[in-house]
Amino acid sequence: MRTAYSVETVRAAERVLLARLPEGALMQRAAAGLAAACAALMGRVYGSRVVLLVGSGDNGGDALYAGARLARRGAGVTAVPLSPGRVHQAGLAALRRAGGAVAAAEAAEDLILRADLVVDGIVGIGGKGGLRPDAERLAGVVARSRAAVVAVDLPSGVDADTGEVRGAALRADLTVTFGTYKPGLLVDPAREYAGVVRLVDIGLEPPAVPEAEALQHADVARLLPEPAAESDKYRRGVVGIAAGSARYPGAAVLAVSGALRGGAGAVRYVGPAGDAVLARYPETLVSDAGPAGAGRVQAWVVGPGAGDDAATVAEVLATDVPVLLDADGLRLAGREAVRGRTAPTLMTPHAGEAAALLGVRREEVEGARLAAVRELAARYRATVLLKGSTTLVADSGGGPVRVNPTGTPWLATAGSGDVLSGLAGSLLAAGLAAVDAASAGAYLHGLAGRLAAGGPHPHGAPTAAHDIASHIPQAWQNTRT
């Protein structure tokens, strides 16, 4: 599991470590890791041209010491201090002793355009807001260059704690972060600026509870239910699906597909799309008696394609089993009805739906995703899965926000969210806590999207929602191998 901690927590852990180490030792550890990552990215160090963009903080010192190491290996290294009077003096001296040079920011354009590598040491993890004008100008030059870009700890101009980008920021190919991940490196929009993130261990020991965490294969495998020898379809979990309408029967079909492939022992469907569901999935238990008359279930999914059927949404919310609210169900559910439930509730909005629930513009949610998902969870006393370029899961009881690392742009297709609802609903019915059902469901959904697109990577061929559903079993298997 990748765990991320706030700037305040990182600073406190650094102070504890600094008290135990000789002066300068911590910066040397960071610089060694940074230099090794730069060398690996370039492949050939001797004769390469490296430009260090150096700010006044410790990450500027990290860049200077790393540059000295690269210079000793034959690279031509030039430091460009943005605040010459406040540059890390010991690091600058080390660079000069190693044969490195120093250039003024005003004369740096040609150096950057001819560089093989640019090291971004402008702003550290304590920076707030976008880049200042002088740094913004250099960032524009870097963007026009062909140089590989390595950010020190995080890209300059992004917020380490929130993942927000409030102005101009420098875009990296590789971010080398020290001691622990920072939330902004896991969450968009900042994550998009970070490129590949490499963690360098410098001996930090942060506390046990992080701000954010990203599950990996082994973490998800531990959450997934495993049928026992005595399992039957009821013990494996029965999920009810109340979805679809005359206008959107496909939403019901796709939600049922996600539930069946998500391991449900049985799926009960109620709604006007029963014929369409049975035509595709004859194993579905279809009822026209409404949720109360459908038979016993361990969890309900309500809302995908439901139109204006507020009565069914209210009926499902009145049950005493876990409920997943999606799509139209989010719009039709009253906040107090959700807050007053005694059984778990999982809400799965995309950014537009979240904005409507919070009464803000969509852009505000997309720009501050961590704050939005936490606010929704608190307002509704529910677990919230905020879909998007980085899907986030916040529990109503607080704790770390879970960040899904498996997403792909090809998941942005009609019906993909309906599949996710059925998948996560099946995991709720199997007995997983809402935060675990949401996290594991999002992880498998992302993997299935990648498989449907033609491979394990985020980019591939166009796909459709039914393709994503069909790859869920393979995604499930992949987490175990």
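Is Thr383 buried or exposed? Select Thr383 in this predicted model and show its surroundings. Thr383 has a relative accessibility of 4%, and buried means under 20%, so Thr383 counts as buried.

**Stop 1: Thr383**

Thr383 belongs to strand 16, which runs over residues 383-386. Display the residues in contact with Thr383, leaving aside neighbours within four places in sequence: Thr345, Leu346 and Met347, then Val393, Ala394, Asp395 and Ser396, and finally Ala434 and Val435.

**Stop 2: the whole chain**

Zoom out and colour by secondary structure. The protein chain has 21 helices and 18 strands. Along the principal axes, its C-alpha atoms fill a box of roughly 80 × 45 × 40 Å. The radius of gyration is 25 Å, which agrees with the value near 23 Å for a compact globule of 481 residues.

Now colour by burial. Of the 481 residues in the protein chain, 55% are buried. If you draw a contact map, keep the pairs with a separation of 6 or more: residues 24 or more positions apart account for 68% of those contacts. On a surface view, the protein chain exposes about 19600 Å², and carbon and sulfur atoms supply 51% of that area. For charge, select the 47 positive and 46 negative groups; their mean positions are 5 Å apart.

**Stop 3: the loop between strand 6 and strand 7**

Go to the loop that links strand 6 (148-152) with strand 7 (174-178) and pick Glu164. Glu164 has a relative accessible area of 14% and is therefore buried. Show side chains here: those of Glu164 and Arg166 are joined by a polar contact of 3.0 Å. Not counting residues up to four places away in sequence, Glu164 also touches Val158, Asp159, Gly367 and Ala368.

Asp153 is placed in the loop between strand 6 and strand 7 too. What is the phi of Asp153, which is not a glycine? The angle is positive, at about 75°. Most residues other than glycine have a negative phi. Asp153 is buried, with a relative accessible area of 9%.

**Stop 4: Asp188 and Pro189**

Select Asp188 and Pro189 and check the peptide bond that joins them. This bond is cis, with omega about 10°. Most peptide bonds are trans. Pro189 sits in the loop between helix 7 (183-186) and helix 8 (190-194).

**Stop 5: Ala327**

Move on to Ala327, in the loop that connects strand 14 (323-325) to helix 13 (328-332). Ala327 is another residue to check on a Ramachandran plot: although not a glycine, Ala327 has a positive phi of about 50°. Its relative accessible area is 19%. The limit for buried is under 20%, so Ala327 is classed as buried.

**Stop 6: Gly307**

Finish at Gly307, in the loop between strand 13 (299-302) and helix 12 (310-317). Which residues does Gly307 touch, not counting those up to four places away in sequence? They are Asp328, Arg331 and Leu332. Helix 13 spans 328-332, so selecting that helix will bring these three partners into view.

For a last distance, select Gly91 together with Gly307. The two are 216 residues apart in sequence, and their C-alpha atoms are 63 Å apart in space.

Methods: Residues numbered from 1 in each chain as written. Predicted model: local features only at pLDDT ≥ 70, side-chain atom pairs only at ≥ 80, totals over all residues. Heavy atoms only, no water. Helix = DSSP H or I, 4+ residues; strand = E, 2+ residues; numbered from the N terminus. Buried < 20%, exposed > 50% of the residue type's maximum accessible area, 1.4 Å probe, protein only. Contact = heavy atoms within 4.5 Å. Rg over C-alpha atoms; globule rule 2.2 N^0.38 Å. Areas by Shrake-Rupley, 256 points an atom, 1.4 Å probe, with all protein chains shown as cover. Lys, Arg positive; Asp, Glu negative; His and termini not counted. Charge placed at Lys NZ, Arg CZ, Asp CG, Glu CD. Polar contact = N/O pair within 3.5 Å; in protein donor to acceptor, adjacent residues only side chain to side chain.
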